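Here is my note on the model you sent, set out as numbered points. Please read it with the coordinates open beside you.

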Amino acid sequence: MFPSTFTEMGITEYDFQLPRPREDIKMLFERIGFSYKIGKFNAMYNRAKEVQGITPGNTSDNVSVRSFMIAVKELHNVE
């Protein structure tokens with residue numbers, strides 16, 4: 001077996017699952033080259049909340065990198 005590239009960099013699965021604030025998610029994805037207009041980012045962030053099981057009315061607004069990655073895959077090509 002070979003470790004993933006992320007493991008070699010000291011990034012664990014926990015790092016992908018840790019709920020993070022909206023601005024942290026935006027900054028992380030911009031740093032790796034994914035910059036979205038605010039409307040598209042908000043749509044993907046809201047989808048990530050759904051993926052993570054955060055229902056409307058829930059006071060938590062944090063999502064994991066993993067949930068946001070799923071939302072990006074679903075909505076990346078949607079205008």
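In what order do the elements of the protein chain run from the N terminus on?

1. The elements run α-α-α-α-α from the N terminus on, and in this predicted model the protein chain accordingly has five helices and zero strands.

2. Turning to the chain as a whole, buried residues make up 23% of its 79 residues. Among the contacts with a separation of 6 or more, 62% are accounted for by residues 24 or more positions apart.

3. Helix H3, which spans residues 22-31, packs against H4 at an angle of about 115°, and the two axes are 12 Å apart. That angle makes H3 roughly perpendicular to H4, and the crossing of this pair is right-handed. On the H3 side the contact involves Arg22, Ile25 and Lys26, which meet Ile38, Phe41, Asn42, Tyr45 and Asn46 in H4. Sorted by class, the residues of this contact divide into four nonpolar, two polar and two charged.

4. Helix H4 (residues 38-52) also meets H5, and here the axes come within 8 Å and cross at roughly 120°. Because angles from 65 to 115 degrees count as roughly perpendicular, whereas those beyond that range and up to 145 count as oblique, H4 and H5 are oblique to each other. The crossing of H4 and H5 is right-handed.

5. As for the residues behind the crossing of H4 and H5, H4 contributes Lys40, Phe41, Ala43, Met44, Tyr45, Arg47, Ala48, Val51 and Gln52, while H5 contributes Ser67, Phe68, Ile70, Ala71, Val72, Glu74 and Leu75. By class, this contact of H4 with H5 has eleven nonpolar, two polar and three charged residues.

6. One residue of that contact deserves a paragraph of its own, namely serine 67, which lies in helix H5 (residues 65-75). Is serine 67 buried or exposed? Serine 67 has a relative accessible area of 7%, and since buried means under 20%, serine 67 is buried.

7. What does serine 67 touch, leaving aside its neighbours within four places in sequence? With those neighbours set aside, serine 67 is in contact with Ala48, Val51 and Gln52, residues that are also listed on the H4 side of the contact with H5. With glutamine 52 there is, in addition, a polar contact between the two side chains, at 2.9 Å.

Conventions
Residues numbered from 1 in each chain as written. Predicted model: local features only at pLDDT ≥ 70, side-chain atom pairs only at ≥ 80, totals over all residues. Heavy atoms only, no water. Helix = DSSP H or I, 4+ residues; strand = E, 2+ residues; numbered from the N terminus. Buried < 20%, exposed > 50% of the residue type's maximum accessible area, 1.4 Å probe, protein only. Polar contact = N/O pair within 3.5 Å; in protein donor to acceptor, adjacent residues only side chain to side chain. Contact = heavy atoms within 4.5 Å. Axes fitted to C-alpha atoms, helices over the stretch in contact; angles between N-to-C directions. Parallel < 35°, antiparallel > 145°, perpendicular 65-115°, else oblique. Left-handed = near helix turned anticlockwise from the far one by under 90°. Nonpolar A, V, L, I, M, F, W, Y, C, P; charged D, E, K, R; others polar.
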